[in-house]
Amino acid sequence: MIKKTEKEIMKNWEGDPYNPIVSICCTTYNHQNYIAEALDSFLMQETNFVFEIIVRDDASTDKTAHIIREYEKNYPNIIKPIYEKENGYQKGIRPMPVTFTKAKGKYIALCEGDDYWTSSQKLALQIKFLEKNIDYAGIAHQCSIIDENGKIKRMFYRRNIKEVLRSADFLSEPPFQTATFMFRTSYLEKYPLSHKFYSGDKFLFSFISIFGKVKYNSQVLSCYRQHEQGISHGVDYQKFVDDIHIPYILYSIDKKYPKYKHLAYIHLSMLILTKNIRYWSSIKHGVLATLYSFSYVPKNYAFLKSVFYHLLLRTKCHILQD
């Protein structure tokens, strides 16, 4: 546990302590080996503004909730926990949006319980930019990838990311990781909480990009932990099916949203990434990916090559299995 007391953290805060500028939203499940590091990285933030930490434990079966309670005792005015009695993820409830309903801040910063921030200036840097640039909807930064023991696997999450990102930059794989992102809370008034997606973070990034540009900072300010128990480990086909609705929902909010381009990437992802997919379903998604790819003409050549390659790969596997 961090050595700074609650009084020391709050001593430079300006404004109403019950009216935070930033809500740090953290979701956790069976992260007893990691959650303390995440909470410490929030509490070490050096700011002159008020922040709150909303940490939601999704009915962990290990000591995660116990650790959070210890932090809650020491930082009662900063840490606002949510202790679920039943696991919501198994029921299809997206973990992070539950924390949004409790957020009081003007901005929301994200981090999952097995990741952590590495800079004490992370919040201050992001708030300074967003306060000065009202045409930006959010801001993110670079991060390193570590394993379950904290050893660095890759220094950078993605390379060659543009400094200014728009909706078209979020159609395929997201350019940054969840724990790097901060956005304006006001946009959540139109956020469709009732929908359930497998790729909740990808949906959120695309949703926020509808309202304005997203700034990308190339500084490494956090660590993303990859391990077998991670929520993104493996992609089940049946769970991934719900993601097909994402472009339609975003289009219903903004008629300028590139719906067909997004659908092309989703169907390609269904073909490439999903497990437990039947052969004829993979053919269907390959055909749909091909059709939707024509929204990229004349820049869809590489996309079509990928579709045909993975169709051939699925066909080869199907023949060998028979």
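Reader: How many Å apart are the end C-alpha atoms of helix 9?

Author: This is a predicted model. Helix 9 has 15 residues. At 1.5 Å a residue, helix 9 should span 21 Å. The model agrees: the end C-alpha atoms are apart by 21 Å.

Reader: Which helices help cover the buried residues of helix 9?

Author: The buried residues of helix 9 include Leu263, Ile266, Leu268 and Leu271. Among what covers the buried residues are helix 6, helix 7, helix 8, helix 10 and helix 11.

Reader: Is threonine 274 buried or exposed?

Author: Threonine 274 sits in the loop between helix 9 and helix 10. Buried means under 20% relative accessible area. Threonine 274 has 4% relative accessibility, so it counts as buried.

Reader: Which residue has its backbone oxygen 2.4 Å from a polar atom of the threonine 274 side chain?

Author: Threonine 274 touches several residues beyond four places away in sequence, including Tyr237 and Arg314. The backbone oxygen asked about belongs to a residue of helix 9 that is itself buried. That residue is methionine 270.

Reader: Why does cysteine 111 form no bond with cysteine 26?

Author: A disulfide is a covalent bond between the sulfur atoms of two cysteines. The two sulfurs must lie within 2.5 Å. Cysteine 26 holds the closest cysteine sulfur to that of cysteine 111, but it is too far for a bond, at 5.7 Å.

Reader: How many disulfides does the structure hold?

Author: Cysteine 223 is buried, at 7% relative accessibility. Its closest cysteine sulfur, in cysteine 143, is 7.5 Å away, too far for a bond. For the whole structure, the number of disulfides is zero.

Note on methods:
Residues numbered from 1 in each chain as written. Predicted model: local features only at pLDDT ≥ 70, side-chain atom pairs only at ≥ 80, totals over all residues. Heavy atoms only, no water. Helix = DSSP H or I, 4+ residues; strand = E, 2+ residues; numbered from the N terminus. Buried < 20%, exposed > 50% of the residue type's maximum accessible area, 1.4 Å probe, protein only. Polar contact = N/O pair within 3.5 Å; in protein donor to acceptor, adjacent residues only side chain to side chain. Contact = heavy atoms within 4.5 Å. Expected span 1.5 Å × (residues − 1).
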